[in-house]
Amino acid sequence: MNIRYDDLKVREGEYVPEIGRTYPEHNPDQSVLHPVYTDNQVFDENYPYLDDSFRFNLNNWIGYYLFLYPIVFPLNCIKNGLRIKGRENLRKYRKQLNKNGAITISNHCNRLDAPCVLSAVFANRHTRIPMYAPNFNTKDRWYMWAVGGIPVPETGFEAMKRFNAAFDEFNRRKWWFHIFPEAARWDGYKPLRPFRKGAFTMAYKYDKPLLPCVITYRERKGIYKLFGKADEPLLSVTIGEPVFPDKTRPRKQEVDRLREVCHLQMQRMAGIEHNTWPIVPEDES
């Protein structure tokens with residue numbers, strides 16, 4: 001544990017995993033993973049951020065309809081005991097969510113967290129996910145690409161221009177986006193870390209509702225002990241009510257409001273009564 005757990009307060013009965021990991025105490029964006037890079041692809045202005053090729057569309061279809069739903073989702077249910085709550089919000093707000101597409105956001109806390117959320121909201125292959133570019137050079141690169149992952153360029157004005165143009169087109173097509181406002185993945189972490197503003201800036205720019213989702217943990221018990229380590233928690237996804245941008249407000253003020261509202265809503269959904277990280281990263285405040 002660390003200082004961020006010392007003052008953490010959760011709702012009575014809320015499970016907090018103890019998986020023996022050491023998490024950073026002061027830098028919420030610090031990577032705690034050590035991926036093995038097997039390729040050296042460059043993500044510059046020549047990368048096809050908007051890829052309408054037959055090859056990509058075929059793999060995109062396979063990624064969702066022959067891999068995510070028939071293989072990864074059942075695997076998540078068996079290995080991680082995946083439970084999904086809040087799907088009534090998808091039905092209640094169906095018209096608003098599908099009018100122009102929506103942006104799902106969630107905490108970044110498990111290798112299968114994106115599939116957890118995608119399957120929870122019945123995502124289809126017209127979903128795009130900004131992702132950390134170097135991870136496209138790992139063994140997971142095919143799946144990240146096939147489910148609509150788009151590498152975020154780390155340098156280069158022209159590359160970022162093409163990345164933004166691609167999302168302009170995805171928005172024109174009314175496709176959904178999924179974004180992790182927490183910059184790095186910390187497996188099994190309970191506190192909610194500060195949110196980067198990218199998801200909320202996109203929501204304002206494209207006038208898309210944000211759909212907060214939270215991954216929480218349950219103790220591994222019963223038959224699930226056969227499918228994972230004893231200290232590896234089971235997972236639940238809770239789908240919250242959408243948060244709508246107010247385009248009549250100045251952009252900066254509204255982006256700040258969206259970020260705060262979503263963070264506080266997700267704290268409640270996660271059963272956190274007192275969070276120990278600020279909502280806004282220190283280098284933005």
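**A cavity, a pocket and a seven-stranded sheet**

Me: How many cavities of 30 Å³ or more does a search of the whole structure find?
Reply: Happy to start there, keeping in mind that this is a predicted model. A search covering the whole structure, with a cut-off of 30 Å³ or more, gives a count of one cavity.

Me: Which residues are the closest to the centre of the largest cavity, and what is its volume?
Reply: There are 14 residues lining the largest cavity, and P48, Y49, D51, F56 and I150 are the closest to its centre. By class, the lining has nine nonpolar, one polar and four charged residues. The volume of the largest cavity comes to about 70 Å³.

Me: Which helix gives the largest share of the lining of the second largest pocket?
Reply: This pocket has a volume of about 240 Å³. Its lining includes R87, L90, R91, R94, L97 and N98, along with V121, F122 and W176. Two helices, α3 (88-92) and α4 (94-99), each supply at least two lining residues. The largest share, three residues, comes from α4.

Me: How many residues of each class, nonpolar, polar and charged, are in the lining of the second largest pocket?
Reply: Among the lining residues are L90, V121 and A123, as well as N98, T127 and R94. Sorted by class, the lining of this pocket has three charged, three polar and six nonpolar residues.

Me: Which strands stand at the edges of the sheet?
Reply: Seven strands make up an open sheet with mixed pairing, in the order β2-β8-β7-β3-β6-β4-β5. Neighbouring strands are turned by 25° against each other on average, direction ignored. An edge strand has a single partner, so one side of it is left without a neighbour in the sheet; that describes β2 (83-85) and β5 (149-152).

Me: In β8, what is the bridge partner of K85?
Reply: Strands β2 and β8 run parallel and are joined by three bridges. For K85, the bridge partner in β8 is T238.

Me: Do β7 and β8 run parallel or antiparallel, and what is the bridge partner of I215 in β8?
Reply: Six bridges join β7 to β8, and the two strands run antiparallel. In β8, I215 has as its bridge partner V237.

Me: What is the bridge partner of I105 in β7?
Reply: Strand β3 (residues 103-105) pairs with β7 (residues 210-218) in the parallel sense, over three bridges. Within β7, the bridge partner of I105 is P212.

Me: How many residues of β8 are buried?
Reply: It helps to take the two faces of β8 in turn. On one side L234, S236 and T238 are buried, and on the other L235, V237 and I239 are buried too, so both faces are covered. Of the six residues of β8, the number buried is six.

Me: At what angle to β7 does helix α9 run?
Reply: Helix α9 (residues 251-269) lies across three strands, β3, β7 and β8 (234-239). Relative to β7, helix α9 runs at about 30°.

Me: Is V72 buried or exposed?
Reply: V72 lies in helix α2 (residues 54-79). A residue counts as buried under 20% relative accessible area. With a relative accessible area of 7%, V72 is therefore buried.

Me: With which residues is V72 in contact, leaving aside neighbours within four places in sequence?
Reply: L112 is a good place to begin. V72 and L112 are 40 residues apart along the chain, and their C-alpha atoms are separated by 8.6 Å. With neighbours within four places in sequence left aside, the contacts of V72 are F67, L112, P115 and Y143.

Terms used: Residues numbered from 1 in each chain as written. Predicted model: local features only at pLDDT ≥ 70, side-chain atom pairs only at ≥ 80, totals over all residues. Heavy atoms only, no water. 1 Å grid on protein atoms, 1.4 Å probe; cavity = no way out; pocket = protein on both sides within 12 Å on 5 of 7 lines; lining within 4 Å. Points joined across faces, edges and corners; volume = space filled by probe spheres on them. Helix = DSSP H or I, 4+ residues; strand = E, 2+ residues; numbered from the N terminus. Nonpolar A, V, L, I, M, F, W, Y, C, P; charged D, E, K, R; others polar. Pairing = 2+ DSSP bridges. Axes fitted to C-alpha atoms, helices over the stretch in contact; angles between N-to-C directions. Contact = heavy atoms within 4.5 Å. Buried < 20%, exposed > 50% of the residue type's maximum accessible area, 1.4 Å probe, protein only.
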